[in-house]
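This report walks through one protein chain, from its overall order of elements down to single residues. Please keep the sequence and the structure in view while reading.

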Amino acid sequence: MIGCSPVPEPGVVPEPPGPLEGLNENDSTAAGEYRHDDHANVMTDLLVMAIQCDVTRVVPHMLDDARSELEYRCIPEDVRAKVGLEYRQESSLHFHASQHGAGNLDRATEGGRYRIIEESNLDFAAIHCWLGQKAAQLAQRLDAIREGDGTVLDHSVMVYMSEMRTHDHDAYDLPIVLLGGDGVFLNDAHVAYDPLGSDRQLRDLWFTIMNQYHDLGVASFGDVLREEPNALLEEILR
């Protein structure tokens with residue numbers, strides 16, 4: 001890796017207040033107002049620095065907590081406009097509430113994807129658009145760092161996903177994006193699995209990454225829920 005470039009010391013990002021650790025945009029603290037966008041940008045700076053300086057090459061990064069009470073006032077007008085959401089100054093988008101709002105998928109497929117029963121609400125779509133942008137910014141930063149015959153992103157596997165689908169908390173039909181993994185995983189490919197019950201379990205993704213990318217020789221991973229042994233996701237491999 002060429003060099004290690006520590007980022008400038010970030011400004012103060014106040015801890016979110018409140019009994020649920022608040023996480024509410026503009027909540028006032030002794031250090032100032034909490035800004036989720038500032039928080040996300042500082043985390044990206046720290047992650048890039050840690051990887052570039054070889055402090056670690058494994059980073060679990062949660063842009064949001066799994067049962068989010070975050071109020072996304074930070075999402076700017078242009079991001080809301082991408083999904084057709086009207087912008088009102090400092091209007092709040094509540095992740096958990098919007099996740100239980102309009103939007104539902106069938107368990108049957110149509111054209112290789114789960115059939116949409118009801119389109120997702122625009123608040124939910126805008127939040128995910130913003131989250132996707134933050135993940136893309138991290139990937140772009142890693143791709144800008146040269147390393148050997150490629151970039152840090154080429155020599156890493158970045159998994160972007162959420163267990164928040166739409167309408168409910170069922171953990172199926174989860175959209176997952178793999179970035180990097182040059183030479184091991186397919187690029188510019190979309191894989192849609194069969195309906196629930198004949199699809200593939202998430203544990204097989206981790207099993208595939210551990211064995212095909214990291215060459216760990218893991219014999220099994222995760223719980224056996226369908227009396228099926230682990231199997232590689234051959235369809236995502238080169």
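## Order of the elements

Read from the N terminus on, the elements of the protein follow the order β-β-α-α-α-β-β-α-β-β-β-β-α, and the secondary structure amounts to 5 helices and 8 strands. The model is a predicted one, and every value given below was computed from it.

The protein has 238 residues, of which 34% count as buried. If one takes the contacts between residues at least 6 apart in sequence, 62% of them join residues at least 24 apart.

## The nonpolar cores

The largest nonpolar core holds 15 residues, and those that touch the most other members are Tyr 72, Ile 75, Leu 93, Phe 95, Ile 127, Trp 130 and Leu 131. Helix 4, which covers residues 122-143, gives the most to this core, with 5 residues. A second core, separate from this one, has 11 residues, including Ala 135, Val 152, Leu 153 and Met 158.

Which residues does Trp 130 touch, when those up to four places away in sequence are not counted? The partners of Trp 130 are His 36, Asp 37, Ala 40, Tyr 72, Cys 74, Ile 75, Pro 76 and Val 79. Among these partners, Tyr 72 and Ile 75 are also listed with the core residues that touch the most other members.

## Helix 1 against helix 4

Helix 1 is formed by residues 36-52, and it packs on helix 4 at an angle of about 25 degrees, with the two axes 10 Å apart. Because angles under 35 degrees count as roughly parallel, helix 1 and helix 4 are described as roughly parallel to each other. The crossing in which helix 1 passes helix 4 is right-handed.

On the side of helix 1, the contact is made by His 36, Asp 37, Ala 40, Asn 41, Thr 44, Asp 45, Leu 47, Val 48 and Ile 51, while helix 4 brings Trp 130, Lys 134, Gln 137, Leu 138, Arg 141 and Leu 142. Sorted by type, the residues of this contact of helix 1 with helix 4 are 7 nonpolar, 4 polar and 4 charged. Trp 130 thus takes part in this contact and also appears in the largest nonpolar core.

Another residue of helix 1 is His 39, which counts as partly exposed at 26% relative accessibility. The C-alpha atoms of His 39 and Leu 63 are separated by 9.3 Å, and these two residues are 24 residues apart along the chain.

## The loop between strand 8 and helix 5

Strand 8 (176-180) and helix 5 (202-213) are linked by a loop in which Asp 188 has its place. Asp 188 has a phi near 55 degrees, which is a positive value in a residue other than glycine. Is Asp 188 buried or exposed? With a relative accessible area of 85%, Asp 188 is exposed, because the cut-off for that word is over 50%.

Val 184 lies in this loop between strand 8 and helix 5 as well. Leaving out residues up to four places away in sequence, Val 184 touches Gln 212, Tyr 213, Ile 236, Leu 237 and Arg 238. Val 184 and Val 157 are 27 residues apart in sequence, and from C-alpha to C-alpha they are 9.7 Å apart in space. Ala 192 is another residue of the loop between strand 8 and helix 5, and at 40% relative accessibility Ala 192 counts as partly exposed. Between the C-alpha atoms of Ala 192 and Pro 175, which are 17 residues apart along the chain, the separation is 9.3 Å.

## Helix 5, the segment after it, and strand 3

Asn 211 has its place in helix 5 and is buried, with a relative accessible area of 12%. Apart from residues up to four places away in sequence, Asn 211 touches Leu 216, Gly 217, Val 218 and Leu 232. In the segment after helix 5 lies Glu 227, whose phi is positive, about 55 degrees, although Glu 227 is not a glycine. Glu 227 counts as exposed, at 72% relative accessibility.

Glu 110 belongs to strand 3, which is made of residues 104-110, and at 55% relative accessibility Glu 110 counts as exposed. Along the chain, Glu 110 and Pro 195 are 85 residues apart, and their C-alpha atoms are separated by 9.7 Å.

Key
Residues numbered from 1 in each chain as written. Predicted model: local features only at pLDDT ≥ 70, side-chain atom pairs only at ≥ 80, totals over all residues. Heavy atoms only, no water. Core = buried A, V, L, I, M, F, W, Y, C linked by side-chain atoms within 4.5 Å. Buried < 20%, exposed > 50% of the residue type's maximum accessible area, 1.4 Å probe, protein only. Helix = DSSP H or I, 4+ residues; strand = E, 2+ residues; numbered from the N terminus. Contact = heavy atoms within 4.5 Å. Axes fitted to C-alpha atoms, helices over the stretch in contact; angles between N-to-C directions. Parallel < 35°, antiparallel > 145°, perpendicular 65-115°, else oblique. Left-handed = near helix turned anticlockwise from the far one by under 90°. Nonpolar A, V, L, I, M, F, W, Y, C, P; charged D, E, K, R; others polar.
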